[in-house]
Amino acid sequence: MSKQTLSFQAEVKQILHLVTHSLYSNKEIFLRELVSNASDACDKLRFEALDAPALFEDAPDLEVRVAFDAEAKTITITDNGIGLSEPEAVANLGTIAKSGTREFMAALEGEKKKDAQLIGQFGVGFYSGFIVADRITVESRRAGLKPEEGVRWTSDGSGDFEVETLTRPERGTSVILHLREGEEEFLSGWKLRSIIGRYSDHISLPILMRKEEWDAEAGQQKLGDEWAPVNKAAALWTRAKSDITPEQYAEFYKQISYDTEPPLAYTHNRVEGRSEYTQLLYIPAKAPFDLWNRDKRGGVKLYVKRVFIMDDAEALMPVYLRFVKGVIDSADLPLNVSRELLQESRDVKAIREGSTKRVLAMLESLADSEDAAEREKYAKFWADFGQVLKEGVGEDHANQERLARLLRFASTHADSGVSLKDYIGRMKEGQEAIYVVTAETLAAAKGSPQLEIFRKKGIEVLLLTDRVDEWLLAHLFEFDGKPLQSVAKGAVDLGKLQDEDEKKHAEQAAEAFKPVLDRLKEALKDRAKDVRVTTRLVDSPACLVVDEGDISGHLARLLKQAGQEAPKAMPILEVNAEHALVKRLESSAHFDELAQVLFDQALLAEGGTLEDPGAYLKRVNALLAL
């Protein structure tokens with residue numbers, strides 16, 4: 001047959017421009033795509049040869065070869081797979097988004113389709129070669145055809161392509177990229193090996209390149225005649241768990257995470273069903289330096305049929321698990337045309353939900369283990385990652401209860417490691433709520449005057465000192481049927497824990513102290529929403545609280561530190577009518593000054609800052625001088 005010049009499908013010029021300039025985020029992707037296509041061609045031959053073994057001809061060992069010629073400025077990717085006939089070359093290479101693999105998949109039925117390890121869901125992968133090449137030549141012969149029935153396809157991507165017959169003794173396909181000016185960096189064995197190692201290392205077929213030797217006279221590397229594999233051709237996560245040692249798991253973790261320490265824990269599972277995928281997920285032993293950057297993309301690598309697609313596939317893991325490292329290898333995921341971005345779908349959602357549950361189960365096995373060493377591992381995890389895990393309580397409502405069981409706090413009974421389950425197990429008879437207090441530091445929380453009545457009665461209070469804790473309390477309202485109640489919000493109602501004599505005494509004190517309360521309300525009308533007799537103080541003269549539903553002073557300060565305007569909400573001043581300083585108010589000639597000092601001291605005690613420290617000092621000094 002003589003040479004033919006044919007035209008691409010309509011508007012291919014514009015589409016090729018999109019493929020070569022916009023579709024891929026970096027140039028080196030072209031090699032991944034072409035190697036994947038070569039692997040697909042070998043897979044097709046393997047399947048067709050099940051019914052027609054003669055298709056293997058005299059070369060049963062399938063492989064992919066990558067070569068470069070620095071003088072000719074070409075890169076050649078060759079496979080001994082199924083190959084193309086002339087009509088197939090015209091149909092598949094002359095039409096954008098017409099993937100031979102996709103049609104092959106559609107033709108497979110039953111178990112064959114389930115077992116087919118095929119990649120190409122779009123026909124644009126081949127055209128990624130035009131990112132670095134100004135001309136592409138494809139030479140191919142389909143398995144089973146005569147040597148003289150080979151085909152050569154050539155195009156510069158401008159809208160036309162040429163097709164002619166050639167004699168090709170070996171079956172399979174060679175894709176020859178004629179590099180454009182400025183792309184000489186790819187004419188390097190080291191460069192090509194590094195790209196293959198990054199993207200195609202786990203493809204099951206051997207990928208071969210010619211060995212290079214140092215030529216002392218020429219002062220450069222020279223290509224030898226021997227071909228050697230440059231990929232491992234084996235993915236650790238595809239092997240049976242029983243065949244993998246803990247040392248191999250740890251070594252693989254170090255490879256993908258660049259961590260020098262072994263992981264704290266890992267989970268390896270194959271999930272089958274509507275979505276089929278394998279997950280190998282690790283929890284690091286220590287927090288990375290950028291843990292608090294919520295914009296940082298996750299650490300899970302995505303593979304599809306062992307072909308690397310992307311680092312940091314954040315769509316497969318929620319943000320609050322951004323510390324998790326590992327690999328997810330899917331049998332089929334809806335990628336966009338460039339294979340670099342995931343399209344949201346039921347499959348993606350199923351993988352994200354399944355992976356999240358696996359990580360939480362891994363953490364639960366550590367936290368609830370009967371082995372003290374395992375529980376110590378969880379304590380170490382919590383010290384490094386606990387604050388990040390708390391973010392999930394507000395972000396992941398489906399797993400909120402599981403996350404709540406993993407939370408650990410300090411309390412008035414222990415400085416760390418208190419779970420909500422532990423707390424409930426120690427609750428006083430008649431106690432109906434889980435009491436909490438928020439503060440900037442553990443020392444400030446322990447010294448909070450709001451805790452005095454709870455200490456007196458031996459009631460445990462959780463001490464929340466992480467910046468994320470206010471966010472946590474805004475979403476976690478109860479646990480195991482017990483409401484979470486801040487000791488700094490609303491009036492203290494200890495219910496059955498407060499006997500009738502105490503309640504009666506508090507009511508009598510409030511009634512007797514009413515004239516002083518009225519004067520305090522007037523003196524502090526610009527600073528306090530209300531003034532009332534407290535039931536929560538024992539040793540302190542006063543404290544500040546807020547109404548239920550109002551923003552706490554601690555949260556207001558956090559918002560201010562973050563440069564945000566906090567909603568305006570005046571606190572309530574609660575005074576201890578039994579305290580000597582408060583009793584002095586009634587007969588003091590300096591009532592207003594003493595009232596202001598009481599308020600300022602209450603503000604300082606809860607960790608607040610004074611708007612006018614000088615005025616406070618002046619008042620205190622004046623009172624001391626009396």
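Student: In E14, which residue is the bridge partner of Tyr-303?

Tutor: This is a predicted model. Strand E12 (residues 299-304) runs parallel to E14, and six bridges join them. Within that pairing, the partner of Tyr-303 in E14 is Asp-329.

Student: Which residue stands opposite Lys-325 in E14?

Tutor: Here the pairing is with strand E11 (residues 277-283). E11 and E14 pair in the antiparallel sense, over six bridges. Opposite Lys-325 stands Tyr-282.

Student: Why is E14 largely enclosed by the rest of the structure?

Tutor: Look at the two ways its residues point. Lys-325, Val-327 and Asp-329 point one way, and Gly-326, Ile-328 and Ser-330 point the other way. Buried means under 20% relative accessible area. E14 is largely enclosed because the number of its six residues that are buried is six.

Student: Is Glu-314 buried or partly exposed?

Tutor: Glu-314 sits in the loop between strand E13 (307-310) and strand E14 (325-330). Its relative accessibility is 42%. The partly exposed class lies between 20% and 50%, so Glu-314 counts as partly exposed.

Student: What distance separates the C-alpha atoms of Glu-314 and Arg-352?

Tutor: Along the chain, Glu-314 and Arg-352 are 38 residues apart. In space, their C-alpha atoms are separated by 9.2 Å.

Student: Which helix gives the most residues to the largest nonpolar core?

Tutor: The largest nonpolar core has 68 residues. Those with the most contacts inside it include Phe-323, Tyr-378 and Phe-381. The top contribution to this core is eight residues, and it comes from helix H8 (residues 346-367).

Student: How many residues are in the other core?

Tutor: This other core lies apart from the largest one. Among its residues are Leu-31, Phe-68, Ile-82 and Val-327. Its count is 61 residues.

Student: Which residues does Leu-420 touch, leaving aside those up to four places away in sequence?

Tutor: Leu-420 is among the residues with the most contacts inside the largest core. Ile-434 and Leu-462 are also on that list. The residues Leu-420 touches are Ala-404, Leu-407, Phe-409, Ile-434, Leu-462, Leu-476 and Phe-479.

Student: Which strands are the edges of the five-stranded open sheet?

Tutor: The order is E15-E17-E16-E19-E18, with mixed pairing. An edge strand here pairs on one side only. The edges are strand E15 (410-411) and strand E18 (478-479).

Student: In E17, what is the bridge partner of Val-436?

Tutor: Strand E16 (residues 434-438) and strand E17 (residues 462-464) run parallel. Three bridges join them. The partner of Val-436 in E17 is Leu-462.

Student: Which strand gives the largest share of the lining of the second largest cavity?

Tutor: The structure holds two cavities of 30 Å³ or more, and the second largest has a volume of about 40 Å³. Its lining is Val-66, Ala-67, Phe-68, Met-209, Arg-210 and Leu-223. By class, that makes five nonpolar, no polar and one charged. The largest share, three residues, comes from E2.

Student: How far apart in space are Ala-474 and Val-393, C-alpha to C-alpha?

Tutor: Ala-474 lies in the loop between helix H14 (469-473) and E18. Ala-474 is partly exposed, with a relative accessible area of 44%. In sequence, Ala-474 and Val-393 are 81 residues apart. In space, the C-alpha to C-alpha distance is 9.6 Å.

Conventions. Residues are numbered from 1 along each chain as its sequence is written. This is a predicted model: local features need pLDDT of at least 70, side-chain atom pairs count only at pLDDT 80 or more; totals for chains, interfaces and linings use all residues. Side-chain values use heavy atoms; hydrogens and water are left out. Helices (H or I, at least four residues) and strands (E, at least two) are DSSP runs, numbered from the N terminus. Buried means under 20% relative accessible area, exposed over 50%, partly exposed in between (1.4 Å probe, protein chains only). On a 1 Å grid over the protein atoms alone, a cavity is a set of points where a 1.4 Å probe fits but cannot get out, and a pocket is an open set with protein on both sides within 12 Å along at least five of seven lines; lining residues have an atom within 4 Å of a point. Grid points are joined across faces, edges and corners, and a volume is the space filled by probe spheres set on the points. Ala, Val, Leu, Ile, Met, Phe, Trp, Tyr, Cys and Pro count as nonpolar, Asp, Glu, Lys and Arg as charged, and the others, Gly among them, as polar. A nonpolar core is a set of buried Ala, Val, Leu, Ile, Met, Phe, Trp, Tyr and Cys residues joined through side-chain atoms within 4.5 Å. Contact means heavy atoms within 4.5 Å. Two strands pair if DSSP finds at least two bridges between them.
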